[in-house]
Amino acid sequence: MATAGISDSREKELWRRLGEVNDPELDEPITEMGFVERAAVMDDGSVEVDFRLPTYWCSPNFAFLMLDGVRCALDVLSWSPAYRVRLHDHMFADEVNRGIAAGKTFGEIFGELAGDLDLEELRETFRIKAFKRRQEAVLLRLRSHGLTDQEILGMDLAAYDIARFEPDEAATRKPRYRAALLERFPDRRTDDPVFVTWEGQRIPPAALSAHLAELRGVRVNMEFNGALCRGLKQTRYKELDVVDGEPTLVDFIMDRVPARSAPAV
């Protein structure tokens, strides 16, 4: 049985790892989006995670990508625990939870549900959008600091790393853009330009405004989807008092359906 100190340390590590998993469409941590309803380290060191998406019909492909990210996060926990992940209130929740209980991987479960859909192609689409959104936030902040377009686009990784921002979205996205850049171009040298297109092309200073206009379109779309997800989740669910030491969410819609009309569960 873990001591209180070890348990607290493991809880922090658990939430830190889960916070590294992003909603692939929005490029925002699933913990900040409120999708992780509960994550707990049990007395025997095992881990339980309850996961809930904004709507019953959220794309199963997005659900797969996020749950696969959760699995990867749990697999690298320092104490290598057994774990249970449970998806709630989703059209494929039963299939997912039965598959997990049967010891299937998320790939095996969703491989059957995905059919001919190329999930790796979907991942790539979201990597591109995340790269662009993170890049835009940093470019706009550097412009607001008074740097010329030529100075910004001449910046290499060494100069990028010493740049300091006030705590805000751009400061949050600065290391995330660096990570996306090096994931995309792992052989990048410290004296290589830090701002390039997804294809690796340099951006001429005269073309930066047009480039930013393209990035803005990506951001606006992602922000709209993010606001929609949050709104749907807040509308559908309401939070009750803590029950048995855990916050409990119930279906806001079903809570207003007369008991005799509610489907059996």
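This report covers aromatic pairs, charges over rings, a nonpolar patch and salt bridges in a predicted model.

**Aromatic pairs**

The structure contains seven aromatic pairs. One of them joins F35 and F51 in an edge-to-face arrangement, with the ring centres 6.3 Å apart and 70° between the planes. F35 belongs to the loop between β2 (28-29) and β3 (36-41), while F51 is part of strand β4 (residues 47-52); the pair links distant parts of the chain, 16 residues apart. F35 and F51 are both buried.

F62 and F126 make another edge-to-face pair, at 5.2 Å centre to centre and 70° between the planes. Since F62 is in helix α2 (residues 60-75) and F126 in helix α5 (residues 119-144), this pair ties together parts 64 residues apart in sequence. F126 has a relative accessibility of 8% and therefore counts as buried, the cut-off being under 20%.

Ring pairs also join F131, Y160, Y177, F195 and W198 into a cluster.

**Charges over rings**

Y160, a member of that cluster, has the charged end of K174 over its ring, 4.8 Å from the ring centre. R188 is placed over the face of F185, 5.2 Å from the ring centre.

**Nonpolar surface patch**

Y56, W57 and M91 make a nonpolar surface patch of about 350 Å². Within this patch, W57 is located in the loop between β4 and α2. W57 has a relative accessible area of 59%, so it is exposed; the cut-off for that class is over 50%.

**Salt bridges**

Side chains of opposite charge can pair when their charged atoms come close. The structure holds 27 salt bridges, including those tabulated here.

| Salt bridge | N to O distance |
|---|---|
| D27 and R173 | 3.4 Å |
| R143 and D149 | 2.9 Å |
| R189 and D191 | 3.2 Å |

The salt bridge of D27 with R173 spans a long stretch of sequence: D27 lies in the loop between β1 (22-23) and β2, and R173 in helix α8 (residues 169-184), so the pair ties together parts that are 146 residues apart. Both D27 and R173 are buried.

In the salt bridge between R143 and D149, the partners fall in the intermediate accessibility class. R143 is partly exposed because its relative accessibility is 29%, and D149 is partly exposed at a relative accessible area of 22%.

Beyond individual pairs, E28, R133, E136, R219 and E223 are joined into one network by salt bridges that share partners.

Notes:
Residues numbered from 1 in each chain as written. Predicted model: local features only at pLDDT ≥ 70, side-chain atom pairs only at ≥ 80, totals over all residues. Heavy atoms only, no water. Phe/Tyr/Trp six-rings, centres within 6.5 Å; stacked < 30°, edge-to-face > 60°. Helix = DSSP H or I, 4+ residues; strand = E, 2+ residues; numbered from the N terminus. Buried < 20%, exposed > 50% of the residue type's maximum accessible area, 1.4 Å probe, protein only. Lys NZ or Arg CZ within 6 Å of the ring centre and 35° of its normal. Patch = residues over 30% accessible without salt bridge, like charges linked within 9 Å, V, L, I, M, F, W, Y side chains within 5 Å. Areas by Shrake-Rupley, 256 points an atom, 1.4 Å probe, with all protein chains shown as cover. Salt bridge = Lys/Arg side-chain N within 4 Å of Asp/Glu carboxyl O.
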